[in-house]
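Biologist: I've got a model open and I'd like to learn how to read it. Can you walk me through some features, one at a time?

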Amino acid sequence: MQNNIFHFLSIISDTAKIVVKRKWKQDTCRNGAWLRRFHSKISFEMDVVVKKTNALAKRNLSWDSWKQEKTMEWLLNKFHFTFKNMLIIQNPYGMAPLSSMLVFGTDEKCMVEYHVQGRTEEMSFTYRTKTSARRHMIPVFGLYAESKNIVDVTLYSEKMEQIEHRSLVIVTNPLPERLQNVVCPDRKMKSRKHELMMVTGGLKGYTYAFDRDGAVRWYLARLPRQYGIYLYDNGHFMYPERKINSPTYINPHSNVMYEMDFMGRVHEVFHVRGGIHHCLTPRPGTESEWGREVLAAASSLHSRMEDAIICYDTARGEILQKWDLGQFFPQKYLKRKDWAHLNALYCCDKDHVLISLRNLHTIAKLDLAANEILWVAAPQDMYEGTELENKMLLPEGENFHYFFQQHAVEILHMDQQKETISVLIFDNHCTTKRKSRYYDGREASYGCLYQIDERKKRIRTVFSIPCELSPTRSNVYVDPDRKSVFTMAGSADSSELYDSAYISEWDPQNGELLSKYAVKEGFFQAFPIDPMKYITEQKRKMPLDLHKGRLRPPVRNESLGAVEWKKMRSKEIRISVVDDLILVQAQDHKVEKVFLVSQDMVWEKDFTNTHQVSEVFAKMIYDVAVPVDGLPAGRYQVNIQYEGEYFATNKWFVC
């Protein structure tokens, strides 16, 4: 019976470009797409809102991940996969192509250790499970693309005695074309065993991690928004959807997010009214079994944008509070749409947060509970003669380094007794948004560390390390173990249509360059990670909801009257459905309203509360979303107002 099962499953991978010879018969190697064929074996189904539609229906990523996991468990129960006859699922969730899942059972409880052989020993990865079990689903990371990866697997008893050992081969596909040779090592990092450099965000950038040789060892198949992913401390991260957005005055905001892990499993889906941009960070001391509070950059949208902070509760999917930064700063600065450009948040504790406002050359500390600003650091001419003049930090030292249009503020060290903090900043060192008499005109960017005495309101420069001029994005990272500093120049050699990047490591004591990598596609930020620390063996909980949170719903239109709907001929419009959302894809701001027309009523979602002021972002194509949960049951036609005219799209749905 066992041989017949393996013959049915086949040993040849659907996706592998390198042919595996018949003699490799001990394992069954398939992929995540093949795994979905068994979803019908899982008895639980979603209680969908949209029952029928003639539009393209997209799958719920959280439920899909849950079913993929349950399908692997079903196969493990149904068939006799053993240590010598494993089921190897490559890219099981369809998101992380250089990952695999080893599925097998053992007669006795044991722990599993695997060793992914690197091209050098330093680039090998070893992981051991934290608990013993008889049924195993082991996530494997650190594979090379387009390679026959040798993975050594060892079983250990609960007393840590070796039971059995073997080597297996996992064959992988080539990288996407844009990731091939994306990293060019100029001077390689040293002594970085088990460590990768994570790169995320950028104009059209992948999220990926490469080793000291420049080889990509992990990447996400889906592209997030240009700000990249937001890392949690439990091996998960928040992924902002690239294609579903809320229009604004300039850059649209992502209003759908996924909580994922490094295997590509989607644990939760979140909807956020108004959307977020640039940054998201967990709020300390708010974790619970069901979620946590996170602070994220948002927009006030009172004729302004990228100037607000929201507190979002991931347990309930609600915005608990919103702070409009316009209340803290001089009114004379609020005349531009993008007057502040909030691009970084760093939580000191639950109620105190550091912010970076690029367009004001300002970092500031806020007390969110008291709703007040505690201090600001900026060139002195920014707040002279204003109500914030007495909250300015005064620079100390003859060689104080002023920063301009900075990014990535974070606290490196905090001494609560002395009330001092050490703050990292990537100084882009540009004045394209606001002039200052303190600007020195140097064409370089800098990785900077400042020491701030909060009691005396003083700030001094610890170091400012020059690197390639990077007008936007970018960050700086301090390695506490090796006492080195990385400047992540994410938009060097930039233009409207193109940018590249440089990752450089420095000795801050003498300015010596220790390592350097050229990256052919720009990014939002980069940082070293140990991928073995991000492996999670925890099984997913059964998803209870399609998603958490709800976008602003349509309202009933009583005055539309007898509109003459034109036939929609434009190929620029795409209608699709995901969960309880009707998605309309078009160029930015061209879809002004979406109408859901039933036999006796019309519901309207209005997108005309903002208008585009930038030619660059006016060319963006994305989906606007209309939630239909809560509509009366019935059949609805999807019609739109497009550039001032009314059109019938010939798409319908039943809810």
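**Reading the pocket, the strands and the rings**

Modeller: Happy to, and let's begin with a pocket lining: sorted by class, the residues around the second largest pocket come out as 25 nonpolar, seven polar and four charged. Keep in mind that this is a predicted model.

Biologist: How much space is in the second largest pocket?

Modeller: About 1,200 Å³. There are 36 lining residues, and L231, T281, Y346, E410 and Q525 are the closest to the centre.

Biologist: Which strand gives the most to that lining?

Modeller: That's β27, with six residues. β27 spans 407-415, and at least two lining residues each also come from β14 (230-231), β18 (266-282), β22 (342-347), β31 (475-479) and β35 (525-529).

Biologist: β31 has a loop in front of it, so to speak. What should I look for in the loop between β30 and β31?

Modeller: Check the backbone angles. R473 sits in the loop between β30 (458-467) and β31, and R473 has a positive phi of about 55 degrees without being a glycine. S474 belongs to that loop between β30 and β31 too, and its phi, near 85 degrees, is again a positive value in a residue other than glycine.

Biologist: Are R473 and S474 buried or exposed?

Modeller: The cut-off for buried is under 20% relative accessible area. R473 counts as buried because its relative accessibility is 10%, and S474 is buried with a relative accessible area of 3%.

Biologist: Let's do strands. What's the general idea?

Modeller: In a regular strand, side chains alternate between the two faces of the sheet. Then you ask who the neighbours are and how covered the strand is.

Biologist: Try it on β38. How many of its residues are buried?

Modeller: Strand β38 (residues 574-578) is mostly covered, with four of its five residues buried. One neighbour is β3 (residues 56-58), which runs parallel to β38 and is joined to it by three bridges. Another is β39 (residues 581-587), paired with β38 in the antiparallel sense over five bridges.

Biologist: Which residues stand opposite S576?

Modeller: L56 stands opposite S576, while in β39 the bridge partner of S576 is L583. Have a look at the turn as well: β38 and β39 make a hairpin with two residues between them, and D579 in that turn has a positive phi of about 55 degrees.

Biologist: Now β43. Why would you call it largely enclosed?

Modeller: Strand β43 (residues 635-642) has six of its eight residues buried, so the rest of the structure largely encloses it. Strand β40 (residues 591-597) runs antiparallel to β43, with six bridges joining them, and L596 stands opposite V638 in β43. β43 also pairs with β44 (residues 645-654), again antiparallel, over eight bridges. There, I640 stands opposite F647 in β44.

Biologist: And where's the positive phi in the hairpin of β43 and β44?

Modeller: At E643, where phi is near 50 degrees; that hairpin has two residues between the strands.

Biologist: Last topic, the rings. How many aromatic pairs does the count give?

Modeller: The count comes to 29 aromatic pairs. Take F79 and F81: their ring centres are 6.2 Å apart and their planes are at 85 degrees, so this pair is edge-to-face. The angle cut-off for that label is over 60 degrees. Y642 and F647 are edge-to-face too, at 6.3 Å centre to centre and 75 degrees between the planes.

Biologist: How buried are these rings' residues?

Modeller: F79 is buried at a relative accessible area of 14%, and F81 counts as buried at 3%. Y642 and F647 are both buried.

Biologist: Which residues form one cluster with F79 and F81?

Modeller: W34, F38 and W74 join F79 and F81 in one aromatic cluster.

Biologist: What about charges over rings?

Modeller: Look for a charged end above a ring face. The charged end of R128 sits over the ring of Y156, 4.6 Å from its centre. R217 lies over the face of Y144, at 3.9 Å from the ring centre.

Notes. Residues are numbered from 1 along each chain as its sequence is written. This is a predicted model: local features need pLDDT of at least 70, side-chain atom pairs count only at pLDDT 80 or more; totals for chains, interfaces and linings use all residues. Side-chain values use heavy atoms; hydrogens and water are left out. Rings of Phe, Tyr and Trp (its six-membered ring) pair if their centres lie within 6.5 Å; planes under 30 degrees apart count as stacked, over 60 as edge-to-face and the rest as tilted. Buried means under 20% relative accessible area, exposed over 50%, partly exposed in between (1.4 Å probe, protein chains only). A charge sits over a ring if NZ of Lys or CZ of Arg is within 6 Å of the ring centre and within 35 degrees of the ring normal. On a 1 Å grid over the protein atoms alone, a cavity is a set of points where a 1.4 Å probe fits but cannot get out, and a pocket is an open set with protein on both sides within 12 Å along at least five of seven lines; lining residues have an atom within 4 Å of a point. Grid points are joined across faces, edges and corners, and a volume is the space filled by probe spheres set on the points. Ala, Val, Leu, Ile, Met, Phe, Trp, Tyr, Cys and Pro count as nonpolar, Asp, Glu, Lys and Arg as charged, and the others, Gly among them, as polar. Two strands pair if DSSP finds at least two bridges between them.
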